[in-house]
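Trainee: Before we look at any labels, could you help me see how each one is earned?
Mentor: Gladly; let us take them in turn and set each value against its cut-off.

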Amino acid sequence: MTRPVAGVLGAPWSTGVRRRDDGVVEVGEVGVDALAAEHGTPAYVLDEADFRARARGYRTAFATAFAEVGTGVDVYYAGKALLTVAVARWAREEGLRVDTASGGELAVALRAGVPGGELGLHGNNKSDDEILAALDAGVGRLIVDSLVEIDRVAALAASRGVVAPVMVRVTTGVHAGGHEYISTAHEDQKFGLSVNPGRDGGDPPAMRALLAAVERPELHLLGIHSHIGSQILDPAGFEAAARVVLRLRAELAERTGVLVDEVDLGGGYGIAYLPGEVPLDPDRIAKDVASAVAAVGAELGTPLPRISIEPGRAIVGPAGLTLYTVGTVKPVALDDGRVRTYVSVDGGMSDNIRPALYEAQYHAELVGRSSAAEPVLARVVGKHCESGDIVVHEVQLPGDVRAGDLLAVAATGAYGRSMASNYNLLTRPPVVAVADGGSRVLVRRETVEDLLALDLG
Ligand SMILES: Cc1ncc(COP(=O)(O)O)c(C=O)c1O
């Protein structure tokens, strides 16, 4: 007999999360007490069925919506959110391609058996080695991010005797997303090439890059790429960016006779982090974006391109939770008369930097038992030497929270492990997948021996 986690029907927990009658929460039919006993804490726990369902959901929603307006779609799983060999395989088995952003991500995707042609490589400062690794793997697309990179990729392709398939990443001026550092299409930042004229009044950098890519025999210009930000909950930004990119594509066709085949609208689909938040619905967003693309195509009189998207967080974020053990519990009197209970856990900013970096909000619950104690205002903090080492800024936890309790933070599947560090020389937690009543380690816990092995003395 199972029932949903108290008061949190669905979001922000993965669909396999339930609280059993004995008060213990389970994920994919495995109790968190058993997970903690077998794998230790802290641990990233991934609900495989949830990941797969979200991957399928995005692929089906976009394929259906774009088929209705007469074109096709490729969904690239953005590996930067979390990439392990198994995760890349799950994505591929669910019909997704994989977007990588470094030589390391590329290597993991290749190790997983994803064919080069189903991979993309991003990056505003790719090394020669990364570009060569991508060319040698026969990647489907290199997304070029600057004018100089056009020359570099062309020269490296020539050195290998191949033609490099490229997309040009443009900044559309559309600004969307939760925090300035994760909003990537406004002008004052490092990514992409602007669609607005430069200071000299000449062609915008984006058009100059497209013209250069068309002219270079070592490059095959596949299309135009735009990514407007992350944790976006309003579809208007995607629609506005699609308009800008399709106009640019039509202008390039007018000037060169080359109508590029593909347009990538990037990732950034928002999820629920807190109870009551409403994530983007893939069916709705797919329909909205498809009809915006179809409307601009009709206005411009150009056949529609093949579309691609790159969701990361929306696939893996809700599928993950982080399991911690509570240590020190300390009530602190606030100036306004309230009391805040500081609940320290055995991890912190090294396994989830997002609260410190973006002021990201998360939700936590005691998961090893239920409690009838009055809830108290709590702040979940880590064990690092920083007062900003906050895991959950504000949450109500049972007043009898105590050392030894198991505590889980929801929706940490994206940008948790992938942004983790060894700050204070903590060892990074394992990634444990749970499915059908069993668990397996996808990435093992680091050990102090691993840290010492890197230090050559
Ligand atoms: C180019 C690009 N594509 C896709 C993504 C994935 O974004 P999200 O995980 O928010 O969907 C990012 C994230 O930064 C990105 O920079």
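**Reading the labels**

Mentor: Let us begin with Tyr-415, which sits in the loop between strand 20 (406-410) and strand 21 (431-435), and keep in mind that this is a predicted model.

Trainee: Why is Tyr-415 called buried?
Mentor: Buried means under 20% relative accessible area, and because Tyr-415 has 14% relative accessibility, it counts as buried.

Trainee: Which residues does Tyr-415 touch, not counting those up to four places away in sequence?
Mentor: Tyr-415 touches Lys-80, Ala-81, Arg-313, Asn-352 and Arg-354, where contact means heavy atoms within 4.5 Å.

Trainee: What makes the pair formed by the side chain of Tyr-415 and the ligand a polar contact?
Mentor: The cut-off is a pair of N or O atoms within 3.5 Å, and an N or O atom in the side chain of Tyr-415 is 2.6 Å from an oxygen atom of the ligand, so the pair qualifies. By the cut-off of 3.5 Å, the pairs made with ligand oxygen atoms by a polar side-chain atom of Ser-230, at 2.9 Å, and by an N or O atom in the side chain of Lys-80, at 3.2 Å, also qualify. Of the accessible area that the ligand has on its own, 390 Å², the protein covers 92%.

Trainee: How is the shell around the ligand divided by residue type?
Mentor: The shell holds four nonpolar, seven polar and five charged residues.

Trainee: Which residues does the UniProt annotation "binding site" cover?
Mentor: That annotation, from an unreviewed entry, covers Arg-313, Arg-354, Tyr-358, Glu-386 and Tyr-415. They are spread over 103 residues of sequence, and in space they are up to 26.9 Å apart between C-alpha atoms.

Trainee: Arg-354 is in that record, so where is it placed, and why is it called buried?
Mentor: Arg-354 belongs to helix 11 (residues 354-358), and because its relative accessibility is 3%, which is under the 20% cut-off, it counts as buried. The side chain of Arg-354 also makes a polar contact with the side chain of Tyr-273, at 3.5 Å.

Trainee: What makes Leu-35 buried?
Mentor: Leu-35, found in helix 1 (residues 32-39), counts as buried because it has 3% relative accessibility, under the 20% that the term requires. Leaving aside residues up to four places away in sequence, Leu-35 touches Val-30, Gly-40, Val-45, Leu-323, Val-432, Val-434 and Ser-439.

Notes. Residues numbered from 1 in each chain as written. Predicted model: local features only at pLDDT ≥ 70, side-chain atom pairs only at ≥ 80, totals over all residues. Heavy atoms only, no water. Helix = DSSP H or I, 4+ residues; strand = E, 2+ residues; numbered from the N terminus. Buried < 20%, exposed > 50% of the residue type's maximum accessible area, 1.4 Å probe, protein only. Polar contact = N/O pair within 3.5 Å; in protein donor to acceptor, adjacent residues only side chain to side chain. Areas by Shrake-Rupley, 256 points an atom, 1.4 Å probe, with all protein chains shown as cover. Nonpolar A, V, L, I, M, F, W, Y, C, P; charged D, E, K, R; others polar. UniProt positions renumbered as here; feature names shortened; annotations may be inferred.
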